[in-house]
Amino acid sequence: MGRKVLLADATGLGRGQFPTAFPEAVDGAGAVAPAFTRIRIQAAIARQDTRAGRAVVHLVWAGADRGGTYTDGRLTDIPFHHARGDGTWTPQPPTTTS
C-alpha cells in the first residue's frame, strides 16, 4: 500500500483512493499535474511507530522530474494509522525528505 500511496503522490493519479492521505482529492481540488515519471522503488521497509496503532513505511525511490532529470535515492515516509480493534491501515499524508 505504501507504494500505491507514493505513486499517487508523485504522479497525481489515484489520489482519490486515499482520502486520508490526500484530503484535497475528495473536495474536488485534487487535480494535480504529475511531478514525476519513470518511478522505481529502490527499497522499502515498514516499522512500527512508538505510538500504538501507528506505523511508518520508509521508501527509497528514483524518478524523473518535470525537467526530465532522473534522480536516485529520493526518500519518502508514509505514516499509517489504525484504530484499536480495526486491522485496516489508513495512510496519512506522506512526507518527502529529498
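**A nonpolar core and the strands around it**

In this predicted model, the largest nonpolar core holds 13 residues, and the members that touch the most others are V5, F18, F22, L59, W61 and I78. Three elements each supply at least two residues of this core: α1 (2-11), β2 (54-65) and β3 (70-81). Of these, α1 gives the largest share, with four residues. One of the well-connected members, F22, can be followed through its contacts: leaving aside residues up to four places away in sequence, F22 touches V5, A8, D9, R15 and P94.

A good place to begin with the strands is the pairing of β2 with β3. These two strands run antiparallel and are joined over ten bridges. Within this pairing, A55 has F80 of β3 as its bridge partner. The hairpin that β2 and β3 form has four residues between the strands, and there G68 adopts a positive phi near 90°.

Strand β3 also has other partners. With strand β4 (residues 90-91), β3 shares two bridges, again in the antiparallel sense; here F80 stands opposite P91. The residue F80 thus appears twice in this account, as the bridge partner of A55 and opposite P91 of β4. With strand β5 (residues 95-96), β3 pairs antiparallel over two bridges, and D77 is the residue that faces T95 of β5.

T76 offers a closer view of β3, the strand in which this residue lies. Is T76 buried or exposed? Its relative accessibility is 1%, and because buried means under 20%, T76 counts as buried. The side chain of T76 makes a polar contact of 2.9 Å with the side chain of W61. Not counting residues up to four places away in sequence, T76 touches L6, V57, H58, L59, W61, P94, T95 and T96. Two residues in that list, L59 and W61, have already been met among the core members that touch the most others.

W61 leads on to the aromatic rings. The structure holds one aromatic pair, made by F36 and W61 in an edge-to-face arrangement, with 5.0 Å from centre to centre and 85° between the planes. Because F36 belongs to strand β1 and W61 to strand β2, the pair ties together parts that are 25 residues apart in sequence. Both partners are buried: F36 has a relative accessibility of 18%, while W61 has a relative accessible area of 2%. W61 can therefore be described as a buried residue that pairs with F36 and makes a polar contact with T76.

Away from the strands, G12 is found in the loop between α1 and β1 (36-48). Although placed in a loop, G12 is buried, with a relative accessible area of 12%. Its contacts, again without residues up to four places away in sequence, are L7 and V32. The C-alpha atom of G12 is separated by 13 Å from that of I39, which is 27 residues apart from G12 along the chain.

How confident is the predictor in this picture, and where is that confidence lowest and highest? Over the chain, the mean pLDDT is 88, and 92% of the residues reach 70 or more. Confidence is highest in β2, at a mean of 96, and lowest in β5, at 81. As a reading guide, predicted coordinates should not be read in detail where pLDDT is low.

Conventions: Residues numbered from 1 in each chain as written. Predicted model: local features only at pLDDT ≥ 70, side-chain atom pairs only at ≥ 80, totals over all residues. Heavy atoms only, no water. Core = buried A, V, L, I, M, F, W, Y, C linked by side-chain atoms within 4.5 Å. Buried < 20%, exposed > 50% of the residue type's maximum accessible area, 1.4 Å probe, protein only. Contact = heavy atoms within 4.5 Å. Polar contact = N/O pair within 3.5 Å; in protein donor to acceptor, adjacent residues only side chain to side chain. Pairing = 2+ DSSP bridges. pLDDT = per-residue confidence, 0-100. Phe/Tyr/Trp six-rings, centres within 6.5 Å; stacked < 30°, edge-to-face > 60°.
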